[in-house]
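Please work through the exercises below with the sequence and coordinates at hand. Each task is followed by a solution in steps.

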Amino acid sequence: MMFILCVLEDAFFGALAGIGFASISNPPRNAYPYCALISGVGHGTRYILMNNTIHPESLIVASFIAALVIGFLSVGLASKAKCPPETFSFPSLLPMIPGMYAYRTVEGLVMCLFTQDEELFNHYLYLCTSNGFTCAFDIFGMVLGVTLPIFILNKVSYRVTRYSD
């Protein structure tokens, strides 16, 4: 029961962040509920995959699968909202950007520049590359995961803005 509450909490805050990021790009008003729903489901999916006690997934795999979910939901709900799927998918991905890994990458790089000790330099270089690779592959996986459904379902995806019902 506690796990379900944690998933719902994560999905709720993911939905709030999705609405906030969507507001930056100024979508139509009817798009906000869809942004919240897709962002919450995507963030909740990643939380479930990463915190599963039976077989927890890594951040990169969980983010890729969550991005696939976001992509398929965006394409599926685009016709209902009469907006392109990108209107929902990109604001829904932004709350999943691994900011702490990016911060630690830059921190490791700065520490490399200011240290004189070779052993300490190697440690900071390891932290910089490890966090940098994690951040880069996570973002790459999310971009790949969200764009695959748009290309796979291109007739559905592009029909939203080309044909009127």
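The exercises move from the whole chain to single helices and then to single residues of this predicted model.

**Exercise 1. Overall architecture**

Task: State how many helices and strands the protein has, and characterise its dimensions, burial and contacts.

Solution.
Step 1. Assignment of secondary structure yields seven helices and zero strands. Read from the N terminus, the order of elements is α-α-α-α-α-α-α.
Step 2. Along the principal axes, the C-alpha atoms fill a box of roughly 70 × 40 × 25 Å.
Step 3. Of the 165 residues in the protein, 37% are buried.
Step 4. Consider contacts between residues at least 6 apart in sequence: 72% of these join residues at least 24 apart.

**Exercise 2. Helix α5: span and buried face**

Task: Compare the end-to-end distance of helix α5 with the span expected at 1.5 Å a residue, and determine where its buried residues lie around the axis.

Solution.
Step 1. Helix α5 covers residues 99-113, which is 15 residues. The expected span takes 1.5 Å times one less than the number of residues, so α5 should span 21 Å.
Step 2. The end C-alpha atoms of α5 are 21 Å apart, in agreement with that expectation.
Step 3. Buried in α5 are T105, G108 and C112. Viewed down the helix axis, these residues fall within an arc of 65°, and therefore they line one face of α5.
Step 4. The partner of this buried set is α6, against which the buried residues of α5 pack. On the face turned away from the buried side, α5 carries the exposed residues Y103 and L113.

**Exercise 3. Helices α2 and α6**

Task: Apply the span test to α2 and α6, and list the buried residues of each helix.

Solution.
Step 1. The 19 residues of α2 should span 27 Å at 1.5 Å a residue, and the 27 Å between its end C-alpha atoms agrees.
Step 2. Helix α6, residues 118-152, has 35 residues; the distance from its first C-alpha to its last is 50 Å, close to the expected 51 Å.
Step 3. In α2 the buried residues are Y34, C35, A36, I38, S39, G40, G42, H43, G44, T45 and R46. Their cover includes α1, α3, α4 and α6.
Step 4. The buried residues of α6 include Y124, C128, N131, G132, C135 and D138. Also buried in α6 are G141, M142, G145, V146, P149 and I150.

**Exercise 4. Two residues of α2: G42 and R46**

Task: Describe the surroundings of G42, and establish which side chain of opposite charge is nearest to R46.

Solution.
Step 1. G42 belongs to helix α2. Its relative accessible area is 0%, so G42 is buried.
Step 2. With neighbours within four places in sequence left aside, G42 is in contact with A66, I70 and M96. The C-alpha atoms of G42 and V69 are 6.2 Å apart, although 27 residues separate the two along the chain.
Step 3. R46 is also found in helix α2. R46 is buried and has no salt bridge; D138 holds the nearest side chain of opposite charge, 4.5 Å away. The salt-bridge criterion requires a distance within 4 Å.
Step 4. The side chains of R46 and S63 are joined by a polar contact of 3.4 Å. Apart from neighbours within four places in sequence, R46 is in contact with L59, A62, S63, A66, M96 and D138.

**Exercise 5. Residue I19 of α1**

Task: Is I19 buried, partly exposed or exposed, and which residues does I19 contact?

Solution.
Step 1. I19 lies in helix α1, residues 2-24.
Step 2. Its relative accessibility is 32%, so I19 counts as partly exposed.
Step 3. Neighbours within four places in sequence aside, I19 is in contact with Y32 and A36.

**Exercise 6. Positive phi angles**

Task: Locate N26 and K82, and state the phi angle of each.

Solution.
Step 1. As a reference, most residues other than glycine have a negative phi.
Step 2. N26, in the loop between α1 and α2, has a positive phi of about 55°. At 65% relative accessibility, N26 counts as exposed.
Step 3. K82, in the loop between α3 and α4, has a positive phi of about 60°. With 55% relative accessibility, K82 counts as exposed.

Terms used: Residues are numbered from 1 along each chain as its sequence is written. This is a predicted model: local features need pLDDT of at least 70, side-chain atom pairs count only at pLDDT 80 or more; totals for chains, interfaces and linings use all residues. Side-chain values use heavy atoms; hydrogens and water are left out. Helices (H or I, at least four residues) and strands (E, at least two) are DSSP runs, numbered from the N terminus. Buried means under 20% relative accessible area, exposed over 50%, partly exposed in between (1.4 Å probe, protein chains only). Lys and Arg count as positive and Asp and Glu as negative; His and the chain ends are not counted. A polar contact is a pair of N or O atoms within 3.5 Å; within protein, one must be able to donate a hydrogen and the other to accept it, and residues adjacent in sequence count only if both atoms are side-chain atoms. Contact means heavy atoms within 4.5 Å. The arc is that of the directions from the helix axis to the C-beta atoms.
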